[in-house]
Amino acid sequence: MIVFHLCSVISEIVYLFAGGSFGGSRGARPVPPEKGVFPLDHMHECDLDKKVYLNCLKTSGHQSEKCREFSKKYLQCRMEKNLMAKQDMSELGFGKDDENKL
């Protein structure tokens, strides 16, 4: 009887740590991303800026600091095309020094 109870407790703990059946707790409310939803660029309006930025990351060994100007251009493109909410660039980590480089 004790062994059976111990096994059922262990299986319940495993179930809870596994996130419930089929990958999630039932009744848990999803939490939206901090900055909201970023629609996909289905029309490829910012593809060139994206490719330039990703190429910069690849050639710089993923040192994002070296690619800030391309990152800024890509984000500006997304805002202009309504693919993300418009924000002041200072809220996205770009300051006055970055404006002088562009």
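**Exercise 1. Place His-44 and describe its backbone and exposure.**

Solution. Start with location: His-44 sits in the loop between helix H1 (2-17) and H2. Helices here are DSSP runs of H or I with at least four residues, and they are numbered from the N terminus. Before going on, please keep in mind that this is a predicted model, in which local features need pLDDT of at least 70, side-chain atom pairs count only at pLDDT 80 or more, and totals for chains, interfaces and linings use all residues. Residues are numbered from 1 along each chain as its sequence is written, and side-chain values use heavy atoms, leaving out hydrogens and water.

Next, the backbone: phi of His-44 is near 60°, a positive value in a residue other than glycine. Last, exposure: His-44 counts as exposed, at 51% relative accessibility. The scale runs from buried (under 20% relative accessible area) through partly exposed to exposed (over 50%), using a 1.4 Å probe and protein chains only.

**Exercise 2. Work out how H2 and H3 are arranged.**

Solution. First take the geometry. Helix H2 (residues 47-59) and helix H3 (residues 68-80) pack at an angle of about 155°, and their axes are 9 Å apart. Those axes are lines fitted to C-alpha atoms, for helices over the stretch in contact, with angles from 0 to 180 degrees between N-to-C directions.

Then classify the angle. H2 and H3 are therefore roughly antiparallel to each other, a label given to angles over 145 degrees. Their crossing is left-handed, meaning that the near helix is turned anticlockwise from the far one by less than a right angle.

Now list the partners. From H2, Asp-49, Lys-50, Val-52, Tyr-53 and Cys-56 meet Phe-70, Ser-71, Lys-73, Tyr-74 and Cys-77 of H3; contact means heavy atoms within 4.5 Å. By class, this contact has six nonpolar, one polar and three charged residues. For the sorting, Ala, Val, Leu, Ile, Met, Phe, Trp, Tyr, Cys and Pro are nonpolar, Asp, Glu, Lys and Arg are charged, and the others, Gly among them, are polar.

Finish with one residue. Ser-71 of helix H3 is buried, with a relative accessible area of 16%. Setting aside neighbours within four places in sequence, Ser-71 touches Tyr-53 and Phe-94.

**Exercise 3. Find the salt bridges and compare the exposure of their partners.**

Solution. Apply the rule: a side-chain nitrogen of Lys or Arg lies within 4 Å of a carboxyl oxygen of Asp or Glu. The count comes to two salt bridges.

One joins Lys-50 and Asp-47, at 3.6 Å from N to O. These two residues are three apart in helix H2, so they are separated by about one helical turn. Lys-50 is partly exposed at 31%, while Asp-47 is buried at 16%.

The other links Arg-68 with Glu-65, with the closest N and O atoms 3.8 Å apart. Arg-68 is partly exposed at 21%, and Glu-65 is exposed at 57%.

**Exercise 4. Explore the loop between H2 and H3, and its surroundings.**

Solution. Begin with His-62, which lies in this loop. Phi of His-62 is near 60°, a positive value in a residue other than glycine, and His-62 is exposed at 62%.

Move on to Ser-64, also placed in the loop between H2 and H3. Ser-64 is partly exposed at 44% relative accessibility. Its C-alpha atom is 9.2 Å from that of Tyr-53, eleven residues away along the chain.

End in helix H3, where Arg-68 lies. Arg-68 and Tyr-53 are 15 residues apart in sequence and 8.5 Å apart in space, C-alpha to C-alpha.

Technical notes: Angles under 35 degrees count as roughly parallel, over 145 as roughly antiparallel, 65 to 115 as roughly perpendicular and the rest as oblique.
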